[in-house]
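Let's walk through this structure together. We'll start with one residue and its surroundings, then move on to some strands.

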Amino acid sequence: MHLLLRTRVAQPPARVLAGFDRALFVSLAPPFPTLHLLRFDGSRPGDRVEIELAVGPKRWRWTSLITEAGQLPDGSQYFIDEGQELPAPLRYWRHRHLIEPNPRGLGSVIVEDITYRTGSRILDVLLYPAMWAQFAYRRPVYRRVFGRPQG
């Protein structure tokens with residue numbers, strides 16, 4: 001299943017990418033399920049991010065590996081995290097964080113480009129609204145941290 005969200009912010013791509021740190025990661029976590037950050041190495045290839053999701057007494061581990069990062073010819077910055085250890089029912093996770101120059105002028109567009117699979121097309125579709133909500137929650141956080149674009 002594919003999920004794509006775009007958020008315009010005021011800062012340029014390189015500055016936005018530099019802001020993808022531990023503090024931002026924690027602030028992007030939605031209120032449910034509870035997220036406990038166990039490890040955050042950064043956003044460079046080989047870096048790992050490990051979290052524990054909690055709902056009441058139940059706990060799930062999620063480990064992602066940063067597999068790619070770089071700059072595109074148009075000035076876009078990106079990094080990709082891929083799930084290594086995923087909570088059920090997820091079986092596959094690939095999240096491309098793309099920060100494009102804003103085509104309207106100053107600032108950037110943060111693109112959340114996510115592909116996930118559970119092994120069941122029906123379950124993938126059923127999870128879509130919850131996945132969309134989890135990442136739509138990030139929009140006001142991004143704008144608070146990186147500024148609201150003018151115009």
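Look beyond the neighbours within four places in sequence, and His95 is in contact (heavy atoms within 4.5 Å) with Phe79, Ile80, Asp81, Glu112, Asp113, Ile114, Phe135 and Arg138. Residues are numbered from 1 along each chain as its sequence is written, and side-chain values use heavy atoms, leaving out hydrogens and water. Keep in mind that this is a predicted model: local features need pLDDT of at least 70, side-chain atom pairs count only at pLDDT 80 or more, and totals for chains, interfaces and linings use all residues.

His95 sits in strand S6, residues 92-101; a strand here is a DSSP run of E, at least two residues long, numbered from the N terminus. His95 counts as buried because its relative accessibility is 2%, where buried means under 20% relative accessible area (1.4 Å probe, protein chains only).

The side chain of His95 also makes polar contacts, meaning pairs of N or O atoms within 3.5 Å, one able to donate a hydrogen and the other to accept it, with residues adjacent in sequence counting only if both atoms are side-chain atoms. One goes to the side chain of Glu112, at 2.5 Å, and another to the side chain of His97, at 3.4 Å.

Now for the strands. S2 (residues 34-40) and S3 (residues 48-55) run antiparallel, joined by six bridges; two strands pair if DSSP finds at least two bridges between them. Leu37 has Ile51 of S3 as its bridge partner. S3 also pairs with S4 (residues 58-71), again antiparallel, over eight bridges, and Val55 is matched with Lys58 in S4. Two residues lie between S3 and S4 in this hairpin, and Gly56 in the turn has a positive phi of about 60 degrees.

Key: Helices (H or I, at least four residues) and strands (E, at least two) are DSSP runs, numbered from the N terminus. Buried means under 20% relative accessible area, exposed over 50%, partly exposed in between (1.4 Å probe, protein chains only).
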